[in-house]
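Biologist: Please choose a single part of this structure and look at it closely with me, explaining each term as it comes up. I would also like to see how that part fits with what surrounds it.

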Amino acid sequence: MRVLGSGDADLPPRGEYELPLLENRRESPTSRTFRFSTKGTGFRYLSNQAIRLALPGVDDPWGRARLFSLSSSPTEPDILAVTCKISDTPFKRALARLRPGDTAYVFGPVGRFLYDASRPALFLAGGIGITPFRGMLRFATDRGVTQPITLLYSARVPEELVFRRELDAIARSSPLRSVHYTVTRPSDSSKTWSGHIGRIDEEWISEVVDLSLRPRVYVAGLPEMVQAMVILLEGRLNVPRDSIDFEVFRGY
Ligand SMILES: Cc1cc2nc3c(=O)[nH]c(=O)nc-3n(C[C@H](O)[C@H](O)[C@H](O)COP(=O)(O)OP(=O)(O)OC[C@H]3O[C@@H](n4cnc5c(N)ncnc54)[C@H](O)[C@@H]3O)c2cc1C
């Protein structure tokens with residue numbers, strides 16, 4: 001993560017919270033969203049920070065906690081949400097079993113992957129890296145941000161494009177929001193896919209985004225994806241380094 005804009009003094013205070021689960025919802029064959037109540041706790045965060053989530057009593061060789069970007073927006077009152085891939089680890093199995101009313105420990109907010117509403121934005125999401133962008137798009141929509149936002153979102157198969165219905169609704173709600181999907185392995189799916197195929201590349205970015213508007217570019221996903229995008233943006237697309245921000249989802 002890179003430091004963006006203002007210093008730590010402008011970030012909301014960090015704390016430890018025990019929060020009750022409100023909802024455990026399936027998003028795709030491999031991912032789920034967990035919504036927790038923050039009511040009465042004073043928990044505050046910026047669009048779109050992260051949290052460390054710990055589950056009591058989990059016996060996992062890699063610990064009882066994981067870092068997650070928030071998929072919710074500060075404009076959604078009294079809740080926070082994370083959206084995670086459910087792999088077969090003790091931590092994730094315990095997370096998937098959580099029921100409304102169960103509690104989890106949250107430390108945060110952490111991170112400085114912050115949306116700058118004063119500039120046009122280009123979001124590049126790889127797989128579960130969509131989480132902070134769902135939050136940022138919700139935030140920009142709820143706040144009526146007048147700067148344009150373009151999202152390019154890549155997943156392996158169409159059924160792993162999470163939040164699709166909501167993202168499409170956001171795009172329909174304003175000419176300032178545009179959302180584009182690509183699928184890298186359509187043949188691994190039984191669903192028909194008639195959209196864009198392949199990774200996010202120079203040609204596709206140039207086709208759908210006007211880089212002369214000098215957008216701030218945000219990238220989130222697994223390390224290989226983020227690295228490839230930063231090299232492409234800086235090298236071939238001449239985006240200045242200080243206009244690029246990224247969140248690396250280490251740990252998969
Ligand atoms: C800033 C940030 C934001 C993130 N946001 C999200 C998000 O929104 N959604 C999401 O799904 N994930 C997110 N992640 C990833 C998340 O924190 C977990 O790392 C990931 O979900 C894997 O956890 P796991 O229990 O499934 O896997 P595990 O394999 O148990 O991995 C958990 C931890 O153990 C370590 N580990 C595992 N095996 C080894 C090994 N052999 N040797 C050394 N270390 C090992 C990993 O490096 C990792 O730190 C984010 C990560 C970061 C850093």
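Modeller: Helices (H or I, at least four residues) and strands (E, at least two) are DSSP runs, numbered from the N terminus. Residue numbers start from 1 along each chain as its sequence is written. This is a predicted model, in which local features need pLDDT of at least 70 and side-chain atom pairs count only at pLDDT 80 or more, while totals for chains, interfaces and linings use all residues.

The part I have chosen is an open sheet of 6 strands with parallel pairing, in the order E10-E9-E8-E7-E11-E12, where two strands pair if DSSP finds at least two bridges between them. Its edges are formed by strand E10 (196-197) and strand E12 (244-248), each of which pairs on one side only. As a general point, the strands of a sheet pair through backbone hydrogen bonds, either parallel or antiparallel. Within this sheet, strand E7 (residues 121-126) and strand E11 (residues 216-221) run parallel and are joined by 5 bridges, and if you look along E7 you will find Phe123, whose bridge partner in E11 is Tyr218.

Two helices accompany these strands, and here a contact between two residues means that their C-beta atoms, placed from the backbone, lie within 7 Å. Helix H2 (residues 131-143) lies across E7, strand E8 (149-155), strand E9 (177-183), E11 and E12, and runs at about 155° to E8. Helix H3 (residues 164-173) also packs on the sheet, where it touches E8 and E9, and its direction makes about 145° with that of E9. For such angles, axes are lines fitted to C-alpha atoms, for helices over the stretch in contact, and the angles run from 0 to 180 degrees between N-to-C directions. In the loop between E8 and H3 you come to Phe163, whose phi is near 65°, a positive value in a residue other than glycine. Most residues other than glycine have a negative phi, and most peptide bonds are trans.

To place the sheet in the chain, it helps to know that the assignment, which is automatic or taken from a database, gives domain 1 (8-110) and domain 2 (121-248). The C-alpha centres of the two domains lie 23 Å apart, and 17 residues of domain 1 are in contact with 14 residues of domain 2. On the side of domain 1 that touches domain 2, strand E1 (15-28) and strand E5 each supply at least two residues. By class, that side of domain 1 has 3 nonpolar, 11 polar and 3 charged residues, where Ala, Val, Leu, Ile, Met, Phe, Trp, Tyr, Cys and Pro count as nonpolar, Asp, Glu, Lys and Arg as charged, and the others, Gly among them, as polar.

The chain has another open sheet of 6 strands, with antiparallel pairing and the order E4-E3-E6-E1-E2-E5. E4 and E5 stand at its edges with a single partner strand each, so one side of each is left without a neighbour in the sheet. From one strand to the next, the twist averages 40°. In this sheet E1 and E2 run antiparallel and are joined by 6 bridges, and Glu23 stands opposite Arg35 in E2.

Finally, both domains take part in the surroundings of the ligand, since the shell around the ligand draws at least three residues from each of domain 1 and domain 2. This shell holds 21 residues, the closest being Trp62, Cys84, Thr89, Thr131 and Gly251; a residue is near a molecule or strand if its C-beta atom, placed from the backbone, lies within 6 Å of it. Strand E4 (65-69), strand E5 (79-85) and helix H1 (90-97) each supply at least two residues of the shell, which by class has 10 nonpolar, 6 polar and 5 charged residues.
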